[in-house]
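This report covers a single protein chain, from one lysine and its surroundings to the cores, the loops and the surface.

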Amino acid sequence: MNAHEIDYQIYGEEMQYVEIELDPQEAVVAEAGSFMMMDSDIKMDTIFGDGSNQDNSVLGKIFSAGKRILTGESLFMTAFLNVGQGKKQVSFASPYPGKILPIDLSEKQGKFICQKDAFLCAAKGVSVGIEFSKKLGRGLFGGEGFIMQKLEGDGMAFVHAGGTLAKKELAAGEVLKVDTGCIVGFSQTVDYDIEFVGGIKNTVFGGEGLFFATLRGPGTVYVQSLPFSRLAGRVLASIPRGGKDKGEGSILGSLGDIVGGDNRF
């Protein structure tokens with residue numbers, strides 16, 4: 001498998017975007033909704049699956065696209081091809097505050113495992129597939145189910161992490177315990193399993209869930225401080241009930257809004 005060789009640069013701090021430079025006839029594939037801007041000589045095309053072309057038959061293309069359904073993604077991806085004469089740029093943006101993580105698959109032994117909604121874009125030729133869990137506990141209680149996403153090939157891929165990104169290098173046998181939603185991805189040498197928190201007080205009153213992930217080295221693990229599910233949960237919790245403002249935590253409530261200058265009626 002020979003993916004297209006692409007150059008890139010990441011801009012921004014909290015709301016990042018990645019600008020990818022394409023030589024003539026080079027292409028990049030991306031998830032729907034991540035496109036930000038592009039030069040005029042770049043052609044955009046909707047394709048089945050990930051465009052890795054491992055199997056050019058009709059059945060092979062359908063199977064490649066069908067794998068994406070199992071990870072909750074769209075049947076289609078978008079390919080951006082440079083049809084001009086010189087170098088051209090196309091940019092893709094983060095879906096919410098966080099960091100964009102570049103992954104060179106040639107340095108990861110050709111495979112990287114990530115949560116199913118982390119993938120942003122990749123050089124054409126990179127295969128975006130599914131990674132089935134062989135352990136029942138991981139599938140039932142792991143938060144991501146039996147399926148995670150795997151990126152295979154020898155090119156560049158980009159994944160998104162919410163909040164601040166932490167990189168952990170685990171030695172052989174070293175264990176890291178992580179909230180299941182905070183996992184961004186890990187190298188294929190890392191063993192991933194689910195462990196019960198334990199204890200009646202932790203289970204009933206802990207508020208952190210009943211299970212956490214155990215990641216055993218050797219290998220590299222990437223952890224995010226703000227998974228989207230946690231962000232969405234906080235937003236939903238702050239929505240006023242019955243159309244009434246919560247007063248931003250003020251004990252004065254709506255009176256505090258008037259004092260603070262919010263005079264809406």
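Lysine 111 sits in strand E9, which spans residues 111-114. The model is predicted. With a relative accessible area of 15%, lysine 111 counts as buried because the cut-off for that class is under 20%. The side chain of lysine 111 is in polar contact with the side chain of glutamate 131, at 3.1 Å. Leaving aside residues up to four places away in sequence, lysine 111 touches Leu105, Glu131, Lys150, Leu151, Glu152 and Gln188. Glu131 is thus found both in this list of contacts and as the polar partner of the lysine 111 side chain.

**Nonpolar cores**

One of the residues touched by lysine 111, Leu151, also belongs to the largest nonpolar core. That core has 37 residues, and the members touching the most other members are Ile20, Phe92, Cys121 and Leu151. For phenylalanine 92, the contacts beyond four places in sequence are Tyr17, Val18, Ile20, Val28, Ala30, Ser34, Phe35, Met36, Phe80, Ile100 and Cys121. A second core, separate from the largest one, holds 15 residues, among them Val190, Tyr192, Ala213 and Leu215.

**Loops and backbone**

The peptide bond between glycine 217 and proline 218 is cis, with omega at about 20°. Proline 218 belongs to the loop that runs between strand E18 (211-216) and strand E19 (219-224).

Two glutamines have a positive phi without being glycine: glutamine 25, with phi near 70°, and glutamine 109, with phi of about 55°. Glutamine 109 is exposed, its relative accessible area being 59%, and so over the 50% cut-off. A further glutamine, at position 85, is exposed as well, at 75% relative accessibility. Glutamine 85 and glutamine 25 are 60 residues apart in sequence, and their C-alpha atoms are 8.9 Å apart in space. The table gives the loop in which each of these glutamines is found.

| Residue | Loop between |
|---|---|
| Glutamine 25 | strand E2 (17-22) and strand E3 (27-30) |
| Glutamine 85 | strand E6 (76-82) and strand E7 (88-93) |
| Glutamine 109 | strand E8 (98-104) and E9 |

The strand that follows the loop of glutamine 109 is E9, where lysine 111 is placed.

**Surface patch**

Which residues form a nonpolar patch on the surface? The patch consists of Phe35, Met36, Met37, Met38 and Met44, and together these residues have about 430 Å² of accessible area. Strand E4 (residues 35-38) supplies the largest share of the patch, with 4 residues. Methionine 44 is located in strand E5 (residues 42-48). At 48% relative accessibility, methionine 44 is classed as partly exposed. Of the patch residues, Phe35 and Met36 are also among the contacts of phenylalanine 92.

**The chain overall**

There are 5 helices and 19 strands in the chain. Of the 265 residues in the chain, 42% are buried. The accessible surface of the chain is about 14,300 Å², and carbon and sulfur atoms account for 56% of that area. When contacts between residues at least 6 apart in sequence are taken, 77% of them join residues at least 24 apart. The pair of glutamine 85 and glutamine 25, 60 residues apart in sequence, has a C-alpha to C-alpha distance of 8.9 Å.

Notes:
Residues are numbered from 1 along each chain as its sequence is written. This is a predicted model: local features need pLDDT of at least 70, side-chain atom pairs count only at pLDDT 80 or more; totals for chains, interfaces and linings use all residues. Side-chain values use heavy atoms; hydrogens and water are left out. Helices (H or I, at least four residues) and strands (E, at least two) are DSSP runs, numbered from the N terminus. Buried means under 20% relative accessible area, exposed over 50%, partly exposed in between (1.4 Å probe, protein chains only). A polar contact is a pair of N or O atoms within 3.5 Å; within protein, one must be able to donate a hydrogen and the other to accept it, and residues adjacent in sequence count only if both atoms are side-chain atoms. Contact means heavy atoms within 4.5 Å. A nonpolar core is a set of buried Ala, Val, Leu, Ile, Met, Phe, Trp, Tyr and Cys residues joined through side-chain atoms within 4.5 Å. Accessible areas come from the Shrake-Rupley method with a 1.4 Å probe; for residues, only the protein chains shown count as cover. Patches are made of residues with over 30% relative accessible area and no salt bridge: like charges are joined within 9 Å, nonpolar side chains (Val, Leu, Ile, Met, Phe, Trp, Tyr) within 5 Å. A salt bridge is a side-chain nitrogen of Lys or Arg within 4 Å of a carboxyl oxygen of Asp or Glu.
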